[in-house]
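Notebook open, viewer open. I'm going to look things up piece by piece and jot down what I find.

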Amino acid sequence: MATPEKAPADRKKVPLRACIGCRVSKPKMELVRIVRTPEGQVLVDTPKGKLNGRGAYICPQVVCFDLAIKKRALNHVLKVTMTAEETNAVKDGFIKRLISAAPEMTNR
Ligand SMILES: [Zn+2]
């Protein structure tokens, strides 16, 4: 359902998603998507969001990821129970994703 709030100077409709860590809504493309595949694997999605499955969105910062883990939001949203090992693997992929998504950092 569309919310009746006025859109401040937005030309195109930007799909918003709430970060499961801090609960702040941001444009979908600014968030990192975590996916539970139909096989039950939890993965960090590609930058284009191609993976199939149930998705959760997190801000591109480790704080939010940790928050989502602490609140069990990731387990809840993806309807999975992840072991500490699996959580670490996803976090690893998440961090790698953050690094690869920041090309300006090398360009100074
Ligand atoms: Zn966040």
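My entries below go from the sheet to the helices and then to a few single residues.

**Ground rules**

I'm working with a predicted model, where local features need pLDDT of at least 70, side-chain atom pairs count only at pLDDT 80 or more, and totals for chains, interfaces and linings use all residues. Residues are numbered from 1 along each chain as its sequence is written.

My helices (H or I, at least four residues) and strands (E, at least two) are DSSP runs, numbered from the N terminus.

**Entry 1: the sheet**

I looked up the strand order and got β4-β3-β5, an open sheet of three strands with antiparallel pairing. Two strands count as paired if DSSP finds at least two bridges between them. β4 and β5 are the edge strands with a single partner each, so one side of each has no neighbour in the sheet. From one strand to the next, the twist averages 25 degrees. Angles like this run from 0 to 180 degrees between N-to-C directions, and the axes are lines fitted to C-alpha atoms, for helices over the stretch in contact.

Next I checked the pairings. β3 and β4 run antiparallel and are joined by three bridges, while β3 and β5 pair in the antiparallel sense over five bridges. I followed R36 both ways: its bridge partner in β5 is R54, and in β4 it stands opposite V42. For V35, the bridge partner in β4 is L43.

I also looked at the turn. β3 and β4 form a hairpin with five residues between them, and G40 in that turn has a positive phi of about 90 degrees.

**Entry 2: is β3 buried or exposed?**

I call a residue buried if 20 or more other C-beta atoms lie within 10 Å of its own, exposed if 12 or fewer, and partly exposed in between, with C-beta atoms placed from the backbone. Five of the five residues of β3 are buried, so the strand is largely enclosed by the rest of the structure. I checked both faces, and both are covered: V32, I34 and R36 are buried on one side, R33 and V35 on the other.

**Entry 3: I34 and the core**

I34 sits in strand β3 (residues 32-36). I count it as buried because 20 or more neighbours are needed and it has 26 other C-beta atoms within 10 Å. For contacts, I use C-beta atoms, placed from the backbone, that lie within 7 Å. Leaving out residues up to four places away in sequence, I34 touches V42, V44, D45, G55, A56, I58, L74, L78 and V90. I34 and G93 are 59 residues apart in sequence, yet their C-alpha atoms are 9.7 Å apart in space.

Then I looked at the nonpolar core, meaning a set of buried Ala, Val, Leu, Ile, Met, Phe, Trp, Tyr and Cys residues joined through C-beta atoms within 7 Å. The largest one has 20 residues, and I34 is among those with the most contacts inside it, along with C19, I20, A56, I58, A68 and L74. Two or more residues each come from β3, β4 (42-44), β5, α1, α2 and α3. α1 gives the most, with four residues.

**Entry 4: the two sides of α1**

In α1 (residues 62-70), I found C64, F65, A68 and I69 buried. They cover an arc of only 140 degrees around the axis, so they are on the same side of α1. The arc is that of the directions from the helix axis to the C-beta atoms. On the other side, V63 and K70 are exposed. I asked what covers the buried residues of α1, and the cover includes β5 (54-58), α2 (73-78) and α3. After α1 comes R72, whose phi is positive, near 60 degrees.

Just a quick look at Q61, which is in the loop between β5 and α1. Q61 is partly exposed, with 15 other C-beta atoms within 10 Å. Its C-alpha is 9.0 Å from that of V32, although the two are 29 residues apart in sequence.

**Entry 5: F94 and α3**

α3 lies across β3 and β4, running at about 15 degrees to β4. F94 is in this helix (residues 84-100). I noted F94 as buried, with 20 other C-beta atoms within 10 Å. Which residues does F94 touch, not counting residues up to four places away in sequence? I get V32, V44 and F65. The C-alpha atoms of F94 and L43 are separated by 8.7 Å, with their positions 51 residues apart along the chain.

Terms used
Two residues are in contact if their C-beta atoms, placed from the backbone, lie within 7 Å.
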